Amino acid sequence: MDTTRRGFLGAIGKVTIGAAASVAGASQVAEAAQTDTPTAVPHWGMVVDLRKCIGCQACTVACIMENDVPQDAFRTHVSVYELVKDGQDPAMVMLPRLCNHCDDPPCLPVCPVEATFKIDSGEVLVDASKCVGCGYCVQACPYDARFINHETQVADKCTFCFHRTQAGLLPACVETCVGGARNFGDLNDPESEVSKMLAHNEVSVLRPEMHTNPNVYYIGLDDVLDGRVAGEAAYHSEMADSVSSHEEGL
Amino acid sequence: MQVQVHELVGAVHEAAWLPWAVQYFFLIAISSTALLMALPAFVLGRTGDLPKARLALMVAVTTGIVAPVALLADLHQPFRFWEFFVYTHTTSWMAWGAWIVPSYVALLLAFAWAIHRPAFYAMGQENWRFAWLFRLLALKGEANGFARLLGLGAGLAALGILLYTGTEVAVVRARPLWNTPLLPLQFAATGFVGALGVMLVLERVLNRDGALEESLNRGLVFALAVVGGLGIIWFTVARSGLSPAHTQALASVAGFPIWKQIAAWGALAIVVPFVLALVAPRNTGWATGLIAIHAAWMFRWTVFMGGQAVPKVGSGLYDALLPSGFDGLMGVIGTFGLWIFLLIAYTTFFPWADATPPVGRRPTTPAHPARSV
């Protein structure tokens, strides 16, 4: 069935226009999955082209449906900001957020029972049967990408849809991305779409000062959004009610 | 370039460490610092410190039992606690803590038992309702010369507790408010403040000895001075930029009126008992003790719940500083309730007021201990 599905995706990739980026990625995923030589271990990464993101949250919903994410949490979502620069007209900016599957993940060394681990193909995963739910990894993640799942009572996060990539499929968020903003593929393969995007575009990562070496890259990311965003929050907590905006400074 | 940012859609992240964690860090700091204050009398034989050491030992034991309960409750999978000992990940301070905490509690209880053993033995020889229980507790003997060794071991473990609890939090780079080198020292210093506060309140309830109250208040003055000094250093290096970590920590909360109120409240919680204890070390034990307990607890609440209220990538603040509901309230009430129960049991059943430094050989006829039951 896997072979058929891969073939199906590969064939679809040649004719579908709307999902061109996603399906191109899928064929790379399928090729990498089919190759079993040790030197061909992929290194999965994501390139998010913010110029194409329309903030439709289709990725958010697809992830919830695919991974049975509980109602009070997200493995991925799209933050939406309004930016006003020098009094010019406001610009709407989208920022999809997810686990960055860092090469130096701060969540990994703090796990007291080695439930969090990184596999050869780059995904940072959680062994749910081992996790004690201490929440230390949730604290250590600089991207707020982890949470305690109240249904399983263990740490939860994006897995780059490991179960799908193992079957030669794309992550659900990439598969469903309407504008083709999310691109997924093998960063080790110079011919992959994501490698070409990295080679031909100026890319950024979130919170570069943390030196985590993320594997999620952004094209068109504004500097004011790459860390903790200093500005008026969408959610007004009881304690921040009296604050119109946070300037992030002394 | 002037940039205004308005977040239109964002996710709110709840606190992963609940008020149970605040209770754990509060109680374990009080326990370990109280034990350190008990050691000069019981291990080094400074008999002048005995009244203080008796209170300190009682505080150390009761809080030392409750603290791990709160820690276990903060695990979302508490029945998997055994995995800490099977899959120890040596790069994690929490994994080291999993070994240090039970070692500390075991050594603490063994030390307290050894200190009380002669009195247990004597109470077991008398003809009364619970003599059989104290014969069991005494393990058929009254020698306790080994208590000094146990005390030294427990003292080392207490230092390990202070080291691991502070470092475990301070190494979290993702939370600027936690990621400051001074945090372990602040935890330790406020731990002494909390322990002295509890001892002052217990002194008012159990002893009403003016000299002991004065001695405890003098110790509190010193501990509060250290806490205040650390606070001034923290703020100075943060404002001056000498320490980027502290500057980031201050920047992460600067601009929010609630944090200015917290800072002012915290300063008052240090200054008021400091002045009271300095000016009138007698007859102020209730006030200085309760405010000191409040200061030590509030420091941890602010660090843990307030720290988790600061978004790592989003804007504004989350609600973690003011959690409500079962986890918020029961974590606090439940642990304090258990501690008060243990305190009542300890003062009722144990001859805590007769604890003396251990001796190598005991006389055949021990002094009669005061029996509460």
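## A strand pair that joins two chains

In this predicted model, strand S2(A) and strand S1 of chain B, which covers residues 3–9, pair in the antiparallel sense over 6 bridges. Two of the pairings can be followed residue by residue: Val80(A) has Val9(B) as its bridge partner in S1(B), and Lys85(A) has Val3(B) as its bridge partner in S1(B).

S2(A) also pairs within its own chain, where 7 bridges join S2(A) to strand S3 of chain A (residues 91–97), again with the two strands running antiparallel. On this side, the bridge partner of Val78(A) is Pro96(A), which belongs to S3(A). S2(A) and S3(A) form a hairpin with 5 residues between them, and Asp86(A), which sits in the turn, has a positive phi of about 50°.

## The contact between chain A and chain B

The strand pair belongs to a wider contact, in which 61 residues of chain A are in contact with 53 residues of chain B. On the side of chain A that touches chain B, at least two residues each are supplied by strand S2 (77–85), helix H4 (107–110), helix H5 (136–140) and strand S6 (147–149). Which of the elements gives the largest share of this side? The answer is S2(A), with 9 residues.

Sorted by class, the residues on the side of chain A that touches chain B are 36 nonpolar, 13 polar and 12 charged.

## Chain A and a loop with positive phi values

The secondary structure of chain A comes to 8 helices and 10 strands, and 46% of its 250 residues count as buried. Among the contacts in chain A with a separation of 6 or more, 58% are between residues 24 or more positions apart.

Most residues other than glycine have a negative phi. Two residues in one loop of chain A have a positive value instead: Arg207(A), with a phi near 45°, and His211(A), with a phi near 55°. Arg207(A) lies in the loop between strand S9 (203–204) and strand S10 (216–219) of chain A, and His211(A) is likewise found in the loop between S9 and S10. How exposed is each residue, judged by its C-beta neighbours inside 10 Å? Arg207(A) has 18 such neighbours and so counts as partly exposed, whereas His211(A) has 11 and so counts as exposed.

## The two domains of chain B

Chain B is divided into domain 1, which takes in residues 16–171 + 324–354, and domain 2, which takes in residues 182–321. The C-alpha centres of the two domains lie 23 Å apart, and the contact between the domains takes 24 residues from domain 1 and 25 residues from domain 2.

On the side of domain 1 of chain B that touches domain 2, H1, H2 and helix H6 (147–170) each supply at least two residues, and the largest share, 10 residues, comes from H1(B). The residues on this side of domain 1 divide into 17 nonpolar, 6 polar and 1 charged.

## Helix H1 of chain B and the nonpolar core

Helix H1 of chain B, residues 19–42, has 24 residues and reaches 34 Å from its first C-alpha to its last, close to the 34 Å expected at 1.5 Å a residue. This helix is mostly covered, with 23 of its 24 residues buried.

The largest nonpolar core has 177 residues, and those with the most contacts inside it are Ala38(B), Val59(B) and Val193(B). H1(B) gives the largest share of this core, 18 residues. Why does the core lie between domain 1 and domain 2 of chain B? It does so because both domains give residues to this core. Leaving out residues up to four places away in sequence, Ala38(B) touches Ala53(B), Ala56(B), Leu57(B) and Ala60(B). Apart from the largest core lies another core, of 7 residues, among them Ala119(B), Phe120(B), Tyr121(B) and Met123(B).

## A residue in helix H2 of chain B

Ile65(B) is found in helix H2 of chain B, which covers residues 50–74. Ile65(B) has 18 other C-beta atoms within 10 Å, and is therefore partly exposed. Although Ile65(B) and Leu109(B) are 44 residues apart in sequence, they are 8.8 Å apart in space, C-alpha to C-alpha.

Technical notes
Residues numbered from 1 in each chain as written. Chains lettered and ligands numbered in written order. Predicted model: local features only at pLDDT ≥ 70, side-chain atom pairs only at ≥ 80, totals over all residues. Helix = DSSP H or I, 4+ residues; strand = E, 2+ residues; numbered from the N terminus. Expected span 1.5 Å × (residues − 1). Buried ≥ 20, exposed ≤ 12 C-beta atoms within 10 Å, placed from the backbone. Contact = placed C-beta atoms within 7 Å. Nonpolar A, V, L, I, M, F, W, Y, C, P; charged D, E, K, R; others polar. Pairing = 2+ DSSP bridges. Core = buried A, V, L, I, M, F, W, Y, C linked by C-beta atoms within 7 Å. Domains from an automatic or database assignment.
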